Amino acid sequence: MKKIYLTLSFICICTQMLFSNNIENGEPTQLKKGDWFTIEFDSHPEDYSTPQDSVDYHSLLGLKKLAFKCEVSAINDKLIKLNFKFERLFVVNEYGEYFDSYFSQDATYKSDDFQIEAAINLTNDSINFISADKDFDRYTYATFSREVDIQGNRVSTTESSRSIPLIIMKSLLDTYLKNWQRNDYQTPLKSSGDIKVADFSTYRILESNLQIMPNFHLYVNIEKGLLGEKFSIYETKLAGYGPFEVTRILDSEITGENNNLSFYLPEQKILSFIYNSERIEFVATPNDSLHLNINLNSQESKNIISSKYQGDQHVLSVVSKEFKSPGAFPNDLYHIYSADSAIQFMNEQLNQNLKLVNSFKSQLTATFYRQVLMSLYYINATQTLYWYDHRKEQPKYSDLSHSVAFQNIHPIYDYIVKPAYYDYYTRNVTYNKFNPGYESVSTNQGFTRNFDTVEDYDMYDILYWGYPKYFILKENIRAQLEHNGIKSTKENYDKFLANCKYPPFLSEIKSYYEEIKEIEPGASIFDLPLNFTNHKNYKRNSGKYKIVAFPGQRSSLEKKKLVENISAVVEKLNLEDKLEMIVLSDNESNPSSSDEDFPASDNFETLHVDYQSMSKVWEDRNTLKMYFQSLLIISPDNIIISRNNNGWNIIEIISEYIEAQNQPKSHENRKAMILGAFISLLGTGLLAWLIIKINNRRIKKRESARRKLSELELKAIRSQMNPHFIFNAMGSIQNLMNHGKTEKANLYLSSFARLMRMVLSSSNKKLVSLSDELELIRLYLELEQLRVDFKFKFDVKEDVDPETEEIPGMLLQPFVENAVIHGITPKGEGIIEVDISKSETDLVCSISDDGVGIDPAKTGNGNGLAMKFAEKRINLLSEQLKTRMKLKVENRSVSEGKSGTKVTLIIPVE
């Protein structure tokens with residue numbers, strides 16, 4: 001009954017929204033099959049009131065978003081059929097646990113699982129259900145909590161189940177439904193409204209194929225001298241130097257002195273009005289009317305903006321004009337050589353900027369204030385890391401604990417605020433430019449090595465989660481497309497499309513893929529909108545290979561080496577008078593960027609193409625997806641042979657192209673055909689043998705690649721497991737110190753040192769003796785006895801020789817650790833038993849405790865980070881060693897009638 005009532009609410013609400021859109025004189029807009037809209041409910045809507053001192057604008061704790069998509073599946077004058085899908089759930093609860101269904105693979109229900117189809121009789125408002133998911137009781141999801149402080153005193157990770165019951169959804173939608181009924185079903189489709197149910201307080205329409213009533217009006221007063229000029233409006237993104245354009249919203253022509261432009265805004269945005277090579281940025285806020293007065297004769301008065309939220313407009317201009325060191329790397333940092341001084345300098349810069357922004361706080365909207373505040377932190381954090389990179393030093397996190405910026409950022413979910421430099425920070429940290437080894441810096445995951453581009457994708461997929469994971473995977477796909485082209489990127493591209501659910505990322509990467517298709521090798525250079533091909537020095541039909549050098553800060557040595565390499569290509573391939581070099585530069589507007597001083601060569605001619613402006617350089621680079629200092633190789637018939645070439649493999653590239661062009665297309669005489677047939681017959685056997693051999697080689701290569709990835713995954717797990725183990729042990733030391741148990745702490749440290757030597761020793765070995773593993777466990781348990789009252793005993797059967805039996809290092813320790821932390825510690829006392837026996841060719845290891853036990857319905861096969869790492873490691877080891885380890889976790893209250901947990905691990909040893 002509850003489900004029926006909820007579904008009724010869904011239907012009625014969405015019917016109202018569909019039929020009330022753009023109502024004039026009470027008549028609904030005509031709908032058609034396929035019409036749709038997305039509605040989002042929000043616990044903390046964007047706040048356009050003045051910021052309050054009592055609110056923590058540094059945090060997003062308590063934020064929840066719930067979205068649904070409604071689509072018309074069929075419609076006539078009496079009946080409408082609607083299809084409803086769950087779209088998104090975003091949560092950052094009061095404990096900092098984070099979940100976003102766009103980026104999680106752990107949700108029990110995805111959007112395709114939650115669908116309800118219904119038929120509505122419009123003549124009598126009756127509703128009939130066609131289908132519904134009868135087993136759908138709640139939307140269950142996993143939340144992730146990672147608690148890290150800057151000094152490294154506390155690191156913990158938990159995963160737990162949470163749910164959004166349907167009863168809450170029902171209350172939300174029921175309240176909205178009653179509001180609609182009070183308006184006699186004639187209310188136009190609203191862009192936002194109040195809910196105030198449970199944790200949610202408002203709703204808004206995110207997007208729709210229907211025309212939504214505008215909630216923002218832009219009035220532009222322009223002098224007659226600009227009539228006929230074209231203008232564009234872009235959505236922009238706040239950056240260190242001010243906003244920059246990311247999405248074009250409108251292109252039009254100025255037709256009158258007074259222009260009224262209206263938009264629907266689901267949220268506050270920064271927009272740019274671009275005309276006559278000029279740009280005006282402003283903050284566009286829902287339900288605001290904003291005025292621009294453009295005066296050609298007055299530099300000061302051309303940007304006059306009148307808005308209800310004037311403080312936001314003013315601080316937007318301050319961002320790019322008055323902030324201290326807004327760029328990527330302040331020049332003053334070049335002269336600082338100590339980390340303490342650098343941190344102090346950055347704190348001073350940040351505090352000056354915060355003081356400047358806070359002087360306007362009473363004039364700002366709370367939403368924009370939060371964005372600017374978080375932007376300052378991310379700019380400052382990125383600049384600090386640039387200092388470490390410039391000094392070629394590793395960040396020392398005892399130093400960063402004094403950084404105001406690092407104390408106020410939460411990379412795993414701050415993306416929801418859209419702060420400036422968030423993407424820069426995430427990209428640079430993840431690409432290992434700074435080699436971070438601390439989780440709070442590296443978006444909550446450690447990463448200490450770079451691989452090739454294709455390998456990177458798999459490593460990021462293993463190590464990261466949430467928005468940072470898919471942001472970096474998206475950037476990785478872009479880099480693969482630019483460097484390697486579509487063919488070698490297709491596999492990872494398809495994986496990304498299959499796993500990522502975030503619409504902006506999907507749209508961006510699909511669009512980029514289509515752009516790359518247009519410039520793949522084989523495309524004609526004259527089918528592309530390029531500037532340099534129209535220059536007088538570019539000989540369109542010279543009949544020569546062209547090596548096009550894009551502008552870049554090349555040293556004299558680099559230029560000399562490049563010319564020597566191209567000369568060697570000409571000599572080895574006999575291309576005298578068949579190759580020329582085209583050097584692109586921006587000399588006319590930026591003489592300092594000149595690349596004209598390339599050494600002359602007797603083997604080929606060098607031509608120079610000067611761009612009129614730097615913007616044209618960027619246009620060509622964006623069209624071809626080229627990097628500075630990269631080379632473009634073009635065939636004599638103006639076909640792209642290679643993009644983003646580094647200059648060192650030109651001979652291979654052109655040789656392959658020539659060979660492909662010289663392949664015989666047909667036999668021109670009978671003799672050649674007979675000879676070819678004869679050779680073909682003789683070679684059939686040899687060809688079959690070669691094919692089989694090549695096939696076997698490919699199979700071996702794939703198997704080798706699979707093993708390599710498996711090894712990388714094992715290293716990734718181990719690189720996280722060891723620090724986790726160490727941090728837990730350090731936590732025990734801290735606990736003893738805090739309770740004044742100095743003697744025990746010293747004893748613990750001494751034993752801990754011996755234990756660490758064993759851990760480090762085993763970390764470098766694939767297999768260790770069983771005796772070493774048991775000794776490591778004994779040391780660990782003795783250390784834990786200093787803080788927890790329990791006993792332990794080992795029972796190794798006579799048919800087991802610990803000195804000769806070998807197992808993977810630290811395989812048993814995580815299960816023992818789990819028994820202490822999750823079994824014995826909550827109870828306060830108990831006993832842990834480690835039994836080792838042999839069964840035919842298997843080594844049987846069991847770890848038992850008489851602690852509080854587990855609830856399989858909640859925890860599955862155990863709990864704790866150590867257990868999860870160990871489980872995944874067992875699966876990977878089984879695959880890598882071509883054997884099958886078996887893991888069994890039992891609740892002893894069920895299997896033996898006593899409290900506690902028993903873990904049994906069966907390891908094949910022969």
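The exchange below takes named features of this predicted model and asks what earns each its label.

User: What makes Tyr 467 and Phe 471 an aromatic pair, and why is the pair called stacked?

Analyst: Their ring centres are 6.2 Å apart. The limit for a pair is 6.5 Å, so they qualify. The planes differ by 10°. Stacked requires under 30 degrees, so that label holds too.

User: How many aromatic pairs does the whole structure have?

Analyst: The search finds 36.

User: Where do Tyr 467 and Phe 471 lie, and are they buried or exposed?

Analyst: Both are in helix α9, residues 466-499. They sit 4 residues apart, about one turn of the helix. Both are buried. Each therefore has under 20% relative accessible area.

User: How do you know that the charge of Lys 69 sits over the ring of Trp 36?

Analyst: The charged end of Lys 69 is 4.5 Å from the ring centre. The distance limit is 6 Å, so that test is passed. The label also needs a position within 35 degrees of the ring normal. Lys 69 carries the label, so the angle test is met as well.

User: What about Lys 559?

Analyst: Its charged end sits over the ring of Phe 598, 5.6 Å from the centre. That is within 6 Å, so the distance test is passed here too.

User: What makes β14 and β18 edge strands?

Analyst: They belong to an open sheet of 4 strands, ordered β14-β11-β17-β18, with mixed pairing. β14 (258-263) and β18 (304-306) each pair on one side only. The twist averages 20° from one strand to the next.

User: Why do β11 and β14 count as paired?

Analyst: Pairing takes at least two bridges, and 6 join these strands, so they count. β11 covers residues 216-222, and the two strands run antiparallel. Leu 218, for one, has Leu 261 in β14 as its bridge partner.

User: Which strands are at the edges of the sheet of 5 strands?

Analyst: That open sheet has the order β21-β20-β19-β22-β23, again with mixed pairing. β21 (605-610) and β23 are the edges, as each pairs on one side only. Neighbouring strands are turned by 20° against each other on average, direction ignored.

User: Why are β19 and β22 called paired?

Analyst: They share 4 bridges where at least two are needed, so the label fits. β19 spans residues 545-549 and runs antiparallel to β22. Lys 546 stands opposite Ile 634 in β22.

User: Which helix lies across these strands?

Analyst: Helix α11, residues 556-572, lies across β19, β20 (579-585) and β22. It runs at about 155° to β20.

User: How do you know that the buried residues of α12 line one face?

Analyst: Start with the residues. In α12 (614-624), the buried ones are Val 617, Asp 620, Arg 621 and Leu 624. Seen down the helix axis, they fall within an arc of 100°, so they line one face.

User: What covers them, and what follows the helix?

Analyst: The cover includes β22 (631-634) and β23 (640-645). Lys 625 comes after α12, with a positive phi near 55°.

User: What is the overall make-up of the chain?

Analyst: The chain has 20 helices and 30 strands. Of its 910 residues, 49% count as buried. Among contacts with a separation of 6 or more, 69% join residues 24 or more positions apart.

Technical notes. Residues are numbered from 1 along each chain as its sequence is written. This is a predicted model: local features need pLDDT of at least 70, side-chain atom pairs count only at pLDDT 80 or more; totals for chains, interfaces and linings use all residues. Side-chain values use heavy atoms; hydrogens and water are left out. Rings of Phe, Tyr and Trp (its six-membered ring) pair if their centres lie within 6.5 Å; planes under 30 degrees apart count as stacked, over 60 as edge-to-face and the rest as tilted. Buried means under 20% relative accessible area, exposed over 50%, partly exposed in between (1.4 Å probe, protein chains only). Axes are lines fitted to C-alpha atoms, for helices over the stretch in contact, and angles run from 0 to 180 degrees between N-to-C directions. The arc is that of the directions from the helix axis to the C-beta atoms. Contact means heavy atoms within 4.5 Å.
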